[in-house]
Every structure is written in structure tokens, then in C-alpha cells.
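Visitor: Got a minute to walk me through this one? I'd like to go over cavities, pockets and sheets.
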Amino acid sequence: MQARPNFLIFMTDQQRADHLGCYGNPIVQTPNIDALAARGQRFERFYVANPICQSNRAALATGQLTSVNGCRKNGIPLSRDSTTYADVLRAAGYRTGLVGKAHFQNVSPVRANPPPHRGRGVPPAAPFDLALRAQRQGPDYEQEIRAHWMADPDRTVPTPYYGFNHLALCIGHGDQVEGHYTRWLRDRLEGAPDPRGRAQALPDEGQADAPQIWRTALPEALYPTGFVGEEACAFLQTPSADPFLLVASFPDPHHPFTPPGRYFDMYDPDDMPLPESFAHPTGARRDLPAHIRKVYEIGAEKPDAYWPFHSDAHTVRRMIALNYGTISMIDGWIGRILQALERSGQADNTVVIFMSDHGDYMGDHGTVLKHGLHSQGLIRVPLIWCDPMSGKRGVRDLPGSAIDFAPTLLARAGLQPPIGMQGQDLLAGEAETLPVLIEDAGLAFADPAGRTASRTLVHDAWRLTVFEGSDLGELYDLQGDPHELRNLWADAEAAPRRSEMLHRLAERQMALQDAALIATHQA
């Protein structure tokens, strides 16, 4: 097997594993992704390390838990001192490129207020009022702020950017994307009015206004998915003797749901089945701590924002249909990018990977979007690994975590992971069946004291979740109850399993303690 393959990584944003034909979905049309799965290996049990965009992307890039790399929630940038898999490959002579969504840094300019000081007395003077004086802020950490790109579409980003020499950024979602895409769109509009956003939307006959949904005025050719596709093809067509790493990161199917042109009507909402758990809404549960219930209350007040909310059957069916439309458009562009790879003459030496950063409730328990509970639709994501040089095909049942991705990629390139990278090589013959630990910092404003974190362990077909500041929790038998309808946390017969899972949770947290700092002097 050749030691220095190319890598082409397709990443989507907020896509469930079961929203692909190769993962058993009988409706959504994804022939190109399905063909990749047929030619390679499909991971059946691949999970996030943190079920939110910025955090899990940091875990994928660094091979570290978010409590270790510091990106425990959206709004905390990945440190410029962090070593990513792109850094390691670049140092080994790879040509590195990222087109589309990065989200290694903050996209909003809103300054977060630190939590209140605890204890008696007067707060310490700055900069000693913070335990870590070097906060991740300033010009080096303002490269992905959406408003900056709106004001100056011609701005540049110093490279390498987290190991990537070539950048073509998308910042935002649906038809509200900025970044390098803004300049690309402006040039193609040739002075015509900007057609983006709900205010410019086309009439949607017979449909009432719904949160997160509008018929975009952007034509298919100008939609962000096309920008990512064109930039990826251009990268592949650039002659070079060096091996390459290319990440084509689509900002869809993340909400809002605005697929362009024919993709808006590609699927009939009436044909969309609702999840088995739809009739069991989270909001009706009384076995959840107050701050979790508060998350859904916030979503009900702001359904056009980013928080989860419950919705009626017709609206959820529309969202699923539009979600499928965006996925099918991505699949079409993946086919075109793979054709460009063939034309480049490098397909036989290129590992092609498909993945997503996290999932979406998409009607699970009557809910849409993300945040809150760690149900399967949110934490289980697709991972397809197609390596034409290995010839390995089929379904991999080995549990995997986002922290395993970087070491697996580096091992395939013949490189050891950096000291402090925590995951394992999932393709190694000696890969272990390890419990998957999922961290979540929660939403600080859902509790006055900011105690909203949770920890989840997935192991041996069970899921356990513990909530900060609460005696309540969740325990599900994923084999006997795959739709997570019966919480066994307080079930007397399940008490031994709960104790075992709690012990394994503690063990896994100890095994994944930070090992990035090494002793400078030791006997």
C-alpha cells in the first residue's frame, strides 16, 4: 500500500447518519455518496465528541476532546497553538486546501461576558481576574466573523490557517453565507441586486410562513454548494507533484432550509415519514432537569435562531423534505468533484472520505435542530472511508469518536499522531472497542449559575447521560429501544447497568485526561 496517498474529505454540516441511502434511508437520493460507501467502508457507529459545530470540528481537527483543546462550546476559537491533522500533513509535504465551512473561529462579533466571580472579597485586578491570562481573542481570532466579510468581501486570511495553505471560506448557512463566497457571488451577479435571505425570497404558493424555511431567490448555479464544488474542482485541477489534502466542507444541510431551484420541490412533504418518537415530545417529559427544559423553552421563543424547538407534523415534514433537497444537491456536486478527481489522474491514489460534523433532531421527540439532549439523531453521524489502494469494503461496527478521525487519517499517511492527540487509529488491526465519551458545555443562559453541562457515554448498545447539578439522568437500551422512548435511569432493574455505565464514564474521563503538556524535567 502506498505510504503517501492523497486525501479528499467531504464534510456536511448538521447531517444525521440516517439521512443517506447507504445508511438505510429509502427516500433521499444520494447515489454518489452511496457509491462511495459501496466501494469502501461505512462506519455504523461513529459519534461526535461534542454535538455542536465549532466544538466537534475542533475535535475532528485536533484528535482531542473539547475539554482538552478548549473549544467546549460555540464561541471559543480553536487555539492557533493547536496542532491539527492539516498541520502535520503540511509539514510532511502535503499541499493542503479547505473550501467551504471551517468554523475554527467565532462567526459572531458578540463579546461574551465571563461568568461572575465566586467567593468573598473584591475581584482580582485585570489581567489576573482570569485564571488563564492568554484568552483567544484579537485580530488572529477574527478571521471568520461573518459581519467583517459583509463589510469587506475582499479581505484576506493569512495562511497557513490551522494547517491549510489554500482557503475559500463559506461563513453562514442556507442562502445567508458570507466569506470568500461573497466575492465570488458579487462577481457573478455583475451588479444585479443581492438575492440572498428571507427578505428577497420567492413566493411559496400555498405554504404559510414557517421558521427556518423560505424559497430562496438564489439560482442553483450561485448557491453556496456550487461555490464549494467549483472551488474543489479548481483545486484538483491545479498541477502539483506533491500529495494533497482537500477538505470540501459544505455549509448545508444546516438550517435554514433554503435549497435552490428544483431542489426546493424535489421531495413532497406528504411523503416524508415522521420519526417513531415524534409523538413523544421532549417538552412533555418530567424526568429532565430544569435547565434542559429551559433550552426548549428558549427555542420556542426564538424558532428562527439556533435553539431546538418543537413543531407540528406538517412543518417538520416540510423541513425533512427540504433537508433531503439540500443533501441531494450536495450529492450531485460530490459526483462532479469525483469526476474532476478522475480527470486529474489521481483517483487511484486518493482516499475519499465522507462525514458530517453533527446531526439534527429532525423530528425526534417532536424536536428540530440541536442543543439539549443527546439522542441518536444528534450524536450519531456518517463516516464513509473509501480507499482504492486497500480494497477494503463493507460495514464497520467498531465504535468511533470524532477524536479518532485525525489519528486514523495520519496513520494512513504513514505518520504518527502528535503527542497529546487522544484518539486511536480506527483502521488498525489492533483498534480497541472503546466507550465513546461525548461532552457538552450546554447553554450557560439556561441556568442562572451557568451549570448546564452534560456528559454522555455510549457503550455496548447503551447510552448514559448525566446532567450537571442534577440527580436526574438518562439511560437507554439502544438495542431494545432504538428510538429512545423509555428512560431507564430510575428503573430498579436497570440499576446495575446504570452503576456499570457510571463507572465506565469515570474510567473513560481518566483515560482521556490531557497529555499534551509533557514534563520538562523528570528523573
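Guide: We'll take the cavities, then the sheets, then a pocket. Keep in mind that this is a predicted model.

Visitor: How many cavities of 30 Å³ or more does a search of the whole structure find?
Guide: The search finds 5.

Visitor: How much space lies in the largest cavity?
Guide: About 100 Å³.

Visitor: What lines the largest cavity?
Guide: The lining is M11, R57, L60, A61, Y85, L98, K101, A102, F104, F164, V247 and S249. By class that is 9 nonpolar, 1 polar and 2 charged.

Visitor: Which element gives the most to that lining?
Guide: Helix α2, with 3 residues. Both α2 (53-62) and β7 (244-253) supply at least two residues each.

Visitor: Let's turn to β7. Where does β7 sit in its sheet?
Guide: Between β4 and β1. The full order is β6-β5-β4-β7-β1-β9-β11-β2-β12, an open sheet of 9 strands with mixed pairing. The edge strands are β6 (178-179) and β12 (394-396), and each pairs on one side only.

Visitor: Do β4 and β7 run parallel or antiparallel?
Guide: Parallel, over 6 bridges, with β4 covering residues 95-100. One bridge partner pair there is R95 and F244, the latter in β7.

Visitor: Which helix packs on that sheet, touching β7?
Guide: Helix α9, residues 313-344. Besides β7, α9 touches β1 (6-13) and β9 (350-356). The direction of α9 makes about 160° with that of β7.

Visitor: New topic. How much space is in the second largest pocket?
Guide: About 820 Å³. Its lining has 34 residues. R16, D18, R380, P482 and H483 lie nearest the centre.

Visitor: What's the class split of that lining?
Guide: There are 15 nonpolar, 10 polar and 9 charged residues. Helices α9 and α10 (376-379) each supply at least two residues to this pocket's lining.

Visitor: And the sheet of 4 strands, what's its order?
Guide: The order is β14-β15-β16-β17, open, with antiparallel pairing. Strands β14 (436-440) and β17 (473-477) are the edges, each pairing on one side only. On average, neighbouring strands are turned by 10° against each other, direction ignored.

Visitor: How many bridges link β15 and β16?
Guide: There are 6, between β15 (residues 454-459) and β16 (residues 462-467). V458 has R463 in β16 as its bridge partner.

Visitor: Which helix lies across those strands?
Guide: Helix α12, residues 495-511. α12 lies across β14, β15, β16 and β17, and runs at about 75° to β16.

Key:
Residues numbered from 1 in each chain as written. Predicted model: local features only at pLDDT ≥ 70, side-chain atom pairs only at ≥ 80, totals over all residues. Heavy atoms only, no water. 1 Å grid on protein atoms, 1.4 Å probe; cavity = no way out; pocket = protein on both sides within 12 Å on 5 of 7 lines; lining within 4 Å. Points joined across faces, edges and corners; volume = space filled by probe spheres on them. Nonpolar A, V, L, I, M, F, W, Y, C, P; charged D, E, K, R; others polar. Pairing = 2+ DSSP bridges. Contact = heavy atoms within 4.5 Å. Axes fitted to C-alpha atoms, helices over the stretch in contact; angles between N-to-C directions.
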